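Happy to walk through this one with you. Have a look at the structure, and then we can go over it by question and answer.

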Amino acid sequence: MSSGERPRHPLSSRSRRGHAGAHPSTIGRLATGETADDAEPAVLVGVALAGHDMREAEVSLDELERLADTAGAEAVETLLQRRDTPDPATYIGGGKAREVKETAGSHEARLVIFDDDLSPAQQRNLEDLLDRRVVDRTTLILDIFAQRATSAEGKVQVELAQLRYQLPRLRGKWTYFSRVGGGSGTRGPIGTRGPGETQLEVDRRRVRTRITRLERELAHLDRGRRTKRKGRREAGLVRLALVGYTNTGKSTLLNALTHAGVTAEDRLFSTLDPTTRRLHLPHGQPVLVSDTVGFVRKLPHHLVDAFQSTLEEVTEADLLLHVVDATSVDPNAEIAAVREVLAEIGAERVPEMLVLNKVDEVAPSDVPRLLRVTGAPVAISARHGTGLADLQDAIGIRLRSLLVELEILVPFARGDIVSAAYEDGDVIDVRHEPEGTWLRLRTSTAAAGRFRRWAVDPAAEDARASVHGRASDDGSAAGDSRVSDAGPEAWGPPVAP
Ligand SMILES: Nc1nc2c(ncn2[C@@H]2O[C@H](COP(=O)(O)OP(=O)(O)OP(=O)(O)O)[C@@H](O)[C@H]2O)c(=O)[nH]1
Ligand SMILES: [Mg+2]
């Protein structure tokens, strides 16, 4: 069952770090400040369920190994099992659990990491059966995020996600022994006798109270972010967001384009907080580019929920630059995983342009094939700065081809804006209101900036619906409007690395 011969994830770097956790670690020993040398031995367990091929499960397990490594654990053995459906009680079934226990015992591993999410009951049962700490993929990812979070907002978001995930998983190990308060039939101090409350109930209550506090704090921090974003919207600039799988080079690209100086390094989830910078496209208007958190297969829903406000940089963008790693074993699987998260945050209708990055690492003759299989119109090396001019041209062309629909109310004194609306856009409807001229117009995303200030309800500005409608009307994006309305040839030949 050992899959030692599986190919390594090409993104793997075996670096190990210290783990000064921002929050208490959810996986116990891992985030207590250990150094690389005392990485905790762990057995990794994956299951290939019916309908999923073995290869998929292997790639996912490889990635789990990298995640474990990032969190400070060392995979001493990986076990992969084929099953039709998960065992409701133990996920892998009793027989397999015994094998896992034996394997862990022979390696003196006190930690077992599962590649899938376990229900609270499964986790509990497995811990009992294996007599070891059992951690699932979500817990592992949350743990890494906890180590990464540095900003106030990031810390609150991660802790919130952790607590929401932990709440149903709290274990009442002492439930029957340590009643708080008297409890019927027990002798507690005077004043505490009565129905009593189990330790588990106390823990749950504490966690719930903390969750409420964090939610309030996050709402407060979110107001600041919204104000900033509103200012940007009023400045009328087109907004681009860098999205993509973790470690594909989003931050490196932001730096290459804008000299932002954000941290870019070979490790998972190095960016948690968004950074926005201004970029002047060669023959166009200034645009804003935001770098944000990277995604991964099976990104925990609680994390996505908690990061909703930071991810609004993505949902509110005019165009997503979806950065793809040319060296990935399966770039299309990563693209699909990213799109799944985009759909989850409600950004599936934001126009997207794929950008094939790291082409300096692949054979030049392989680049056209990669462009074809991924559907990316442009190939770059963010690290070496190659292909950036073509990328910027491609962005300019794409923005000019994207249409948005706006409703604006222009004061009578600004006749110039009304004239511009007729010149740069397609005026669909017009009314004279007491406050000024009300117009509904369709214009390119590139030109929309100057009208945004007058938008009647900027938040309700239905840019995407209009873009989408067009894409399917002319059939250019049949089936999947994300894969751009133009093939690679529309942007010129691929960029040689
Ligand atoms: N060879 C090569 N490496 C690159 C390129 N672009 C980025 N990298 C490297 O890839 C690693 C990850 O880069 P980042 O820019 O931090 O990636 P990211 O997508 O922002 O990652 P997260 O924020 O962790 O999701 C770093 O070691 C970069 O130097 C490239 O064009 N070529
Ligand atoms: Mg980054």
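pLDDT is the predictor's confidence in each residue, on a scale from 0 to 100. Keep that in mind here, as the model is predicted.

Q: What is the mean pLDDT of the chain?
A: Confidence can be summed up in two ways here. Of the chain's residues, 78% reach a pLDDT of 70 or more. The mean pLDDT of the chain is 81.

Q: How many contacts beyond four places in sequence does the model have for residues 1–36?
A: Take this stretch with some care, since pLDDT stays under 50 over residues 1–36. Residues 460–497 are also below 50, and that stretch has 65 contacts beyond near neighbours in sequence. For residues 1–36, the number of contacts beyond four places in sequence is 82.

Q: In what order do the 3 strands of the open sheet run?
A: The pairing in this sheet is antiparallel. β11 (403–410) and β12 (425–433) each have a single partner strand, so one side of each is left without a neighbour in the sheet. From one strand to the next, the twist averages 15°. The order is β11-β13-β12.

Q: Which residue in β13 stands opposite I408?
A: Start from the pairing of β11 with strand β13 (residues 436–444), which is antiparallel and runs over 8 bridges. Within β13, the residue opposite I408 is L439.

Q: What angle does the direction of helix α14 make with that of β13?
A: Helix α14 (residues 445–452) packs on the sheet. The strands touched by α14 are β11, β12 and β13. With the direction of β13, that of α14 makes about 160°.

Q: Is I428 buried or exposed?
A: I428 lies in strand β12. Leaving aside neighbours within four places in sequence, I428 is in contact with R440, L441 and R442. A residue with 12 or fewer other C-beta atoms within 10 Å counts as exposed. I428 has 12 such neighbours, so I428 is exposed.

Q: What distance separates the C-alpha atoms of I428 and E405?
A: Along the chain, I428 and E405 are 23 residues apart. In the model, their C-alpha atoms are separated by 9.3 Å.

Q: Which helix gives the most residues to the shell around ligand 1?
A: There are 23 residues around ligand 1, and G249, A264, D266, T271 and G294 come nearest. By type, the shell divides into 4 nonpolar, 12 polar and 7 charged residues. The helix giving the most, with 3 residues, is α7 (residues 250–258).

Key: Residues are numbered from 1 along each chain as its sequence is written. Chains are lettered from A and ligands numbered from 1 in the order in which they are written. This is a predicted model: local features need pLDDT of at least 70, side-chain atom pairs count only at pLDDT 80 or more; totals for chains, interfaces and linings use all residues. Two strands pair if DSSP finds at least two bridges between them. Helices (H or I, at least four residues) and strands (E, at least two) are DSSP runs, numbered from the N terminus. Axes are lines fitted to C-alpha atoms, for helices over the stretch in contact, and angles run from 0 to 180 degrees between N-to-C directions. Two residues are in contact if their C-beta atoms, placed from the backbone, lie within 7 Å. A residue is buried if 20 or more other C-beta atoms lie within 10 Å of its own, exposed if 12 or fewer, and partly exposed in between; C-beta atoms are placed from the backbone. A residue is near a molecule or strand if its C-beta atom, placed from the backbone, lies within 6 Å of it. Ala, Val, Leu, Ile, Met, Phe, Trp, Tyr, Cys and Pro count as nonpolar, Asp, Glu, Lys and Arg as charged, and the others, Gly among them, as polar.
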